Amino acid sequence: MLKHFLILLSLFSSFVFSQKSEQKNDSIKPKIGLVLSGGAAKGFAHIGVLKAIEEAGLELDYIAGTSMGAAVAALYATGYSAKQIDSIIMSIDFTKMLTDDIDRKYNSFFDKKNNEKYILKLPIKNFKIGLPIALSKGQSTYNKLSELYHPVDHITDFSKLPIPFFCIATNIETGKQVEINSGSLALAVRSSASLPTLLAPSVIDSVTVIDGGISNNFPIKEMRDKGIDYVIGIDVQGSLKKQRNLDSAVKVIDQIVNFQLYGKDSTSLKQDVDLYLHPDVREFSIIDFDKKRQIIDAGYEKAKSYIPQLKKLAQEQPLQKEKKKLILDTKKHIVNSYEITGAKNYTRRYIRGKLNFKKGQKISLQEFNKNINYATTTNNFSSIFYSFLEKDSVVDLKIQLTENPEYKFLKLGAHYDPLYKLAGLVNYTHKHLLIQNDMISIDLAYGDNVRYDINYFIDNGNFLSYGLHSRFNQFETVVNSNNITNRYGFDFSDVNQINFEYEDFTNYIYTQANYLNKYAISIGMEHKHIRSFTNNFSSTEDDVRAFFDDSHYLTILGKLEADTYDKKSFPNKGVLVNATWRSFLTSTDFGKNFTPFSQVRLTMEGIWTLSNRLSFFGQGDGALSFTEGTLPNFNYALGGYGKSFINNFIPFYGYKFSELEGNSFLKTLGTLRYRYYKKNYINFTTNYAIVSNNILDLMRTESFFKNAKTGYAIGLGSDTILGPFEINYAWSPENRYKTVYISAGFWF
């Protein structure tokens with residue numbers, strides 16, 4: 001009995017001693033905090049340091065950062081391992097993300113047709129021309145951060161994250177630091193990393209903020225204030241540079257950030273931390289986002305020599321359980337409810353249509369993030385913040401919009417081509433002019449041939465939209481007299497060529513249905529006033545000019561269009577389809593020969609990449625006229641070079657402008673394009689066409705290539721910031737015609 005009592009007493013004493021020992025060990029366990037400085041691309045070095053920290057087995061009690069340091073710190077606080085963060089960073093195209101460079105497929109169909117012709121776009125504020133506040137609104141950055149931090153989206157108190165976290169931003173009005181430790185983690189990091197001129201300012205709790213590096217790029221004191229015993233500081237900034245080395249805007253911004261770090265005694269900076277690491281990233285700049293691997297490795301190279309010291313520190317910590325690998329949720333959830341706030345000039349229907357979701361629909365966070373691009377590319381919103389609150393298989397969406405205060409713009413462009421010659425382009429765009437969702441765009445092309453183009457459009461996203469289009473187009477050229485003789489019946493047999501002037505005044509009112517910005521169907525009524533004449537001869541009506549047409553026409557017009565090109569100039573993939581039905585109902589009939597008729601035209605083209613440098617562009621184009629009479633004013637006329645021909649004028653290499661004519665035609669074109677250096681190309685083109693008044697009968701009895709006219713071209717092209725530049729030498733073996741075509745700038 002005594003023996004059993006002594007054994008129990010011994011076990012009890014051991015248990016009590018063990019408990020006291022554990023309490024004592026816990027009481028002396030140091031709280032470890034990690035602070036990561038800002039430094040934009042140089043901040044990738046933090047990932048290498050995190051790898052060394054994990055290798056040493058050190059657990060963090062708190063983590064903080066500024067700018068890129070905040071982004072990396074928040075990923076670690078969310079629960080990602082250093083290896084996962086490495087993979088995440090390597091998978092991101094930072095240049096594309098930070099500049100809001102969104103794939104063209106997200107552009108509205110209206111923008112694809114009308115807004116890709118300007119070199120410069122400037123906002124108009126209070127009747128004054130301004131400059132953009134930043135290169136990017138930062139929407140793509142926010143979207144990516146929301147996706148990455150989504151596993152902890154439900155946690156709004158950052159001290160309750162898997163690793164407690166805070167970050168620093170700067171009040172744009174006072175220049176004082178703003179410590180962010182609650183709210184949306186994605187918005188907090190987006191705010192901390194709002195590098196001036198690169199990302200637009202952000203708003204946190206009604207305070208407009210910019211990059212935290214401006215006020216406090218290394219929040220050591222703030223970390224101490226959290227009750228941290230041992231602070232590890234990773235500084236990826238450089239040092240103050242001499243004036244002779246400040247030769248770019250990027251270096252000046254970097255210098256400004258360095259002022260508050262190195263403007264004071266840097267020795268005291270190092271003394272403020274218990275362990276100071278300064279990775280050697282001097283050879284990298286803050287925009288070296290394409291050198292991620294080298295910068296990450298530089299961070300690890302610096303930290304690995306500290307691993308023994310970090311291990312010793314880790315030994316003072318109790319044994320930790322192994323972390324579970326964090327996996328992003330990619331499953332789809334049913335939209336249970338949605339709340340949209342902040343929109344004044346755009347309807348809920350428009351926003352829902354642009355974001356492409358509806359109640360009861362299944363959608364994943366990744367899909368919703370992509371859908372935001374449809375709204376981002378409209379440039380109607382400064383920011384689109386949201387919470388994707390999921391529970392079980394349903395999700396509640398809360399969408400907070402901030403409308404873009406810039407809704408009036410001045411846009412400029414320029415172009416040269418053989419038909420319209422040299423022209424400058426001035427555009428005025430005004431959004432929500434009369435009602436919600438509407439906009440007006442006014443183009444004035446001035447130069448050798450003055451033109452205008454006005455578009456008023458009520459955009460309802462994927463729902464039915466409405467538009468009004470008005471244009472005036474004119475050009476002057478020289479044509480073969482035979483063309484005019486055949487088309488209008490004038491006898492110019494005594495001359496070879498005559499001056500030909502053409503004016504088109506068109507008004508079109510329509511309704512349009514759009515699907516995912518790829519396809520559009522429209523139908524409407526069109527009014528045309530066509531004037532064509534020559535100054536070489538006079539007539540009884542005009543002692544200066546001889547008119548061929550001066551009529552008004554009323555038509556019904558229907559269109560089916562598709563555009564999936566990845567870019568407007570020198571695309572690498574995609575197709576373009578344009579099918580048009582036009583019925584001419586009535587006319588003022590200048591030539592006294594009008595009868596109602598219809599025309600249908602189908603153009604299909606696409607580009608296919610054959611290799612990294614070689615691609616093939618193919619086009620099929622054709623039209624039929626349904627009429628019992630002749631069509632002197634609306635025959636199809638092929639010849640010449642261009643991409644903005646109006647009405648029934650069709651470009652065709654190897655023949656002069658409008659040299660081939662008939663009421664129907666069939667044309668094919670193929671181009672082999674080789675990229676020999678960056679955005680510079682060499683191309684070879686061949687085109688074939690038959691033009692006839694009885695093309696169906698001709699195709700039944702004869703082969704296409706037996707009767708086809710042929711033309712060829714070889715040329716050079718370059719995709720520049722001022723638009724595409726092309727020079728082509730064209731010829732045809734049938735008529736010995738040879739010429740050089742030059743085009744510069746975006747077509748309009």
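**Exercise 1. A three-strand sheet**

Task: State which strands form the open sheet with the order β27-β26-β28, and what its pairing is.

Solution.
Step 1. Three strands make up this open sheet: reading across it, the order is β27-β26-β28, and the pairing is mixed. The model is a predicted one.
Step 2. The edge positions belong to β27 (649–650) and β28 (660–662). Each has a single partner strand, so one side of each is left without a neighbour in the sheet.
Step 3. The pairing of β26 with β27 is parallel and extends over 2 bridges. In that pairing, Leu638 has Ile650 of β27 as its bridge partner.

**Exercise 2. A four-strand sheet and the helix on it**

Task: Which strands stand at the edges of the sheet β12-β11-β14-β13, and which strands does helix α15 touch?

Solution.
Step 1. The sheet is open, has 4 strands in the order β12-β11-β14-β13, and is mixed in its pairing.
Step 2. β12 (362–363) and β13 (381–391) are the edge strands; each has a single partner strand, so one side of each lacks a neighbour in the sheet.
Step 3. Strand β11 (residues 333–341) pairs with β12 through 2 bridges in the antiparallel sense. Ile334 is bridged to Lys362 in β12.
Step 4. Helix α15 (residues 365–376) packs on this sheet and touches β12, β13 and β14 (394–403). The direction of α15 makes about 160° with that of β13.

**Exercise 3. Helix α4 and its two partners**

Task: Classify the packing of α4 against α2, then against α12, and list the residues that meet in each contact.

Solution.
Two packed helices are described by the angle between their axes and the distance between the axes.
Step 1. For helix α2 (residues 45–56) and helix α4 (residues 82–91), the axes come within 8 Å and cross at roughly 160°. Angles over 145 degrees count as roughly antiparallel, so α2 is roughly antiparallel to α4.
Step 2. The crossing of α2 past α4 is left-handed.
Step 3. From α2, the residues Ile47, Leu50, Lys51 and Glu54 meet Ala82, Lys83, Ile85, Asp86 and Ile89 of α4. By class, this contact has 5 nonpolar, no polar and 4 charged residues.
Step 4. For α4 and helix α12 (residues 292–303), the axes are 10 Å apart and the angle is about 155°. These two helices are therefore roughly antiparallel to each other.
Step 5. α4 and α12 make a right-handed crossing. Here Asp86, Ile89 and Met90 of α4 meet Lys292, Arg293 and Ile296 of α12. The contact divides into 3 nonpolar, no polar and 3 charged residues.
Step 6. Asp86 and Ile89 take part in the contact with α2 and in the contact with α12.

**Exercise 4. Strands β21, β22 and β23**

Task: How many bridges join β21 to β22, and how many join β22 to β23?

Solution.
Step 1. Strand β21 (residues 519–534) and strand β22 (residues 546–563) run antiparallel and are joined by 16 bridges. Opposite Lys528 stands Tyr553 of β22.
Step 2. β22 also pairs with strand β23 (residues 574–587), in the antiparallel sense, over 11 bridges. Asp563 has Leu576 in β23 as its bridge partner.

**Exercise 5. Buried or exposed?**

Task: Decide whether Ser146 and Glu628 are buried or exposed, and place each in its surroundings.

Solution.
Step 1. Ser146 is part of helix α7 (residues 139–148). Its relative accessible area is 9%, and the cut-off for buried is under 20%, so Ser146 is buried.
Step 2. Neighbours within four places in sequence aside, Ser146 is in contact with Ala186, Leu365 and Tyr386.
Step 3. Of these contacts, Ala186 belongs to α8 and is itself buried. Helix α8 (residues 185–192) is mostly covered, with 8 of its 8 residues buried.
Step 4. Glu628 sits in the loop between β25 (614–626) and β26 (636–638). With a relative accessible area of 87%, Glu628 is exposed.
Step 5. Glu628 and Pro596 are 32 residues apart in sequence, and their C-alpha atoms are 8.8 Å apart in space.

**Exercise 6. The whole chain**

Task: What share of the residues of the protein chain counts as buried?

Solution.
Step 1. The protein chain contains 18 helices and 33 strands.
Step 2. Of its 748 residues, 53% count as buried.
Step 3. Among contacts with a separation of 6 or more, 63% are between residues 24 or more positions apart.

Note on methods. Residues are numbered from 1 along each chain as its sequence is written. This is a predicted model: local features need pLDDT of at least 70, side-chain atom pairs count only at pLDDT 80 or more; totals for chains, interfaces and linings use all residues. Side-chain values use heavy atoms; hydrogens and water are left out. Buried means under 20% relative accessible area, exposed over 50%, partly exposed in between (1.4 Å probe, protein chains only). Axes are lines fitted to C-alpha atoms, for helices over the stretch in contact, and angles run from 0 to 180 degrees between N-to-C directions. Angles under 35 degrees count as roughly parallel, over 145 as roughly antiparallel, 65 to 115 as roughly perpendicular and the rest as oblique. A crossing is left-handed if the near helix is turned anticlockwise from the far one by less than a right angle, and right-handed if clockwise. Contact means heavy atoms within 4.5 Å. Ala, Val, Leu, Ile, Met, Phe, Trp, Tyr, Cys and Pro count as nonpolar, Asp, Glu, Lys and Arg as charged, and the others, Gly among them, as polar. Two strands pair if DSSP finds at least two bridges between them.
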